[in-house]
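Hi everyone, thanks for making time. I'd like to walk you through one structure today, so let me put it up on the screen.

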Amino acid sequence: MRYWLFKSEPNTWSWDQQVARGDAGEQWDGVRNYQARNNMREMALGDRGFFYHSLKEKAIVGVVEVCALAHPDSTTDDPRWECVDIKAVGPFKTPVTLADVKGDPRLSGMVLANNSRLSVQPVTEEEWRIICEMGGFSA
């Protein structure tokens, strides 16, 4: 299993909306960055990801799972853009903020700490474990 982070502006697509989609999940559409798209192409069914609210909140609020492999993004006719589908697994008891991530020296190499603008990013197994512990999430 590999781990990822999915960023969303909560006024565009929120954790509550993701949860409401249930096991059907939702496509992670609208990504127009090649690096983020390539990350989605590397995903496997069952990979886990953090759901991150950007903008004001700037916090990891829950865990999602990849439930459909990369496929054409239905929000565009441009064949360059693909997306995966994700479903909610569970919320964090305590959101883990960007400040929390940047303030923990164990996470200094995390993509989120160094390139917080990338909308879909890899997370190492060690980073996953640390952040799940910080957020009170056990899976």
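I'll go through the pocket, then the charged pairs, and then a helix and a strand. Please keep in mind that this is a predicted model.

Let's begin with the pocket. The largest pocket holds about 590 Å³ of space. Which residues sit closest to its centre? Out of 23 lining residues, those are Lys7, Ser8, Glu9, Ser54 and Ser119. Two strands, β1 (3-8) and β2 (26-27), each give at least two residues to this lining. For those of you thinking about chemistry, the lining splits into seven nonpolar, nine polar and seven charged residues.

Now to the charged pairs. Side chains of opposite charge can pair when their charged atoms come close. How many salt bridges does a search of the whole structure find? The count is nine, and I'll pick out a few.

My opening example is Arg2 with Glu42, where the closest N and O atoms are 3.0 Å apart. Arg2 lies in the segment before β1, while Glu42 lies in the loop between α2 (34-41) and β3 (48-53), so this salt bridge ties together parts that are 40 residues apart in sequence. Both partners count as partly exposed: Arg2 has a relative accessible area of 40%, and Glu42 comes out at 44%.

Next, Arg21 and Glu26 meet through their side chains in a salt bridge, at 2.6 Å from N to O. Arg21 is partly exposed, at 38% relative accessibility.

Then there is Asp73 with Arg32, a salt bridge at 3.0 Å, N to O. This pair links distant parts of the chain, 41 residues apart: Asp73 is in the loop between β4 (59-72) and β5 (82-97), and Arg32 is in the loop between β2 and α2. Is each partner buried or exposed, or in between? Asp73 is buried, at 2% relative accessibility, whereas Arg32 is partly exposed, at 37%. There is also a network: Glu126, Arg129 and Glu133 are joined by salt bridges that share partners.

Here is a residue I'd like you to look at: Asp47, in the loop between α2 and β3. Asp47 is buried but has no salt bridge. The nearest side chain of opposite charge belongs to Arg2, and it is 5.5 Å away. A salt bridge here needs nitrogen and oxygen within 4 Å, so that distance falls outside the cut-off. What does Asp47 contact, leaving aside neighbours within four places in sequence? Its contacts are Met1, Arg2, Trp4, Val64, Glu65 and Val66.

On to helix α5, residues 125-135. Its buried residues are Glu127, Trp128, Ile130, Ile131, Cys132 and Gly135. An α-helix has 3.6 residues a turn, so residues three or four places apart point the same way. What covers the buried residues of α5? The cover includes β1, β3, β4, β5, α3 (98-103) and β6 (120-123). After α5 comes Gly136, with a positive phi near 70°.

Last, one residue from strand β6, namely Pro122. Pro122 is partly exposed, with a relative accessible area of 30%. Its C-alpha atom is separated by 7.2 Å from that of Val111, which is eleven residues away along the chain. Not counting residues up to four places away in sequence, Pro122 touches Tyr3, Trp4, Asn39 and Val111.

That's my tour. Thanks for listening, and I'm happy to go back to any part of it.

Conventions: Residues numbered from 1 in each chain as written. Predicted model: local features only at pLDDT ≥ 70, side-chain atom pairs only at ≥ 80, totals over all residues. Heavy atoms only, no water. 1 Å grid on protein atoms, 1.4 Å probe; cavity = no way out; pocket = protein on both sides within 12 Å on 5 of 7 lines; lining within 4 Å. Points joined across faces, edges and corners; volume = space filled by probe spheres on them. Helix = DSSP H or I, 4+ residues; strand = E, 2+ residues; numbered from the N terminus. Nonpolar A, V, L, I, M, F, W, Y, C, P; charged D, E, K, R; others polar. Buried < 20%, exposed > 50% of the residue type's maximum accessible area, 1.4 Å probe, protein only. Lys, Arg positive; Asp, Glu negative; His and termini not counted. Contact = heavy atoms within 4.5 Å.
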